[in-house]
Amino acid sequence: MPDPLVSIVVLSYRHPEVIEVCLRTLQITDGVDYEVVVVDNASTPETIVPLQQAQADGKITALFESPTNTYFSEGNNIGVAYSNPASEYILLLNSDVAILRPDWLTKMLAWMNGTAAYWPNAWGT
């Protein structure tokens, strides 16, 4: 597998049903080499076991099981530290996000690089 262009860092704290949707829908991503790094913030086995299975199934590239809840900032910093250093981009993705389109990451990178065919209308322009 080539080095990922994007390292996607996802935090987990309990609620395995939420992160399961995130990890399952991330798999439709097309057109960009990426890795998924999950940091679990001291969840119970009801969350850890499905995450370990998701890693075994190839949905998670790297899984860090924190013995304490490191909360948002430190958890993301841990995820970045566990990311592939060859990645050009780091994406911090909330675990309650479901991916709807395969080209979402390609379009995001195009927008970031100034090569997007369209521009979001979020700023009223």
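**View 1. How the overall size fits a compact globule.** For 125 residues, a compact globule would have a radius of gyration near 14 Å, and this chain comes in at 15 Å, so the two agree. Keep in mind that this is a predicted model. Laid along its principal axes, the C-alpha trace spans about 45 × 35 × 25 Å.

**View 2. The run of helices and strands.** Count through the chain and you get four helices and four strands. Follow the sequence and they come in the pattern β-α-β-α-β-α-β-α. Take the contacts between residues at least 6 apart in sequence: 76% of them join residues at least 24 apart.

**View 3. Strand β1 next to strand β4.** Here β1 (residues 6–12) and β4 run parallel, joined by five bridges. To pick out one pairing, find Val9: its bridge partner in β4 is Leu92.

**View 4. The two faces of strand β4.** In a regular strand, side chains alternate between the two faces of the sheet. Strand β4 covers residues 89–93, and its covered face carries Tyr89, Leu91 and Leu93. Ile90 and Leu92 sit on the uncovered face. That puts Leu92, the bridge partner of Val9, on the uncovered side.

**View 5. Surface and charge.** Of the chain's 125 residues, 39% count as buried. The accessible surface adds up to about 7300 Å², with 57% of that belonging to carbon and sulfur atoms. As for charge, there are 14 negative side chains and 5 positive ones. The centres of these two sets lie 10 Å apart.

Methods. Residues numbered from 1 in each chain as written. Predicted model: local features only at pLDDT ≥ 70, side-chain atom pairs only at ≥ 80, totals over all residues. Heavy atoms only, no water. Rg over C-alpha atoms; globule rule 2.2 N^0.38 Å. Buried < 20%, exposed > 50% of the residue type's maximum accessible area, 1.4 Å probe, protein only. Contact = heavy atoms within 4.5 Å. Areas by Shrake-Rupley, 256 points an atom, 1.4 Å probe, with all protein chains shown as cover. Lys, Arg positive; Asp, Glu negative; His and termini not counted. Charge placed at Lys NZ, Arg CZ, Asp CG, Glu CD. Pairing = 2+ DSSP bridges.
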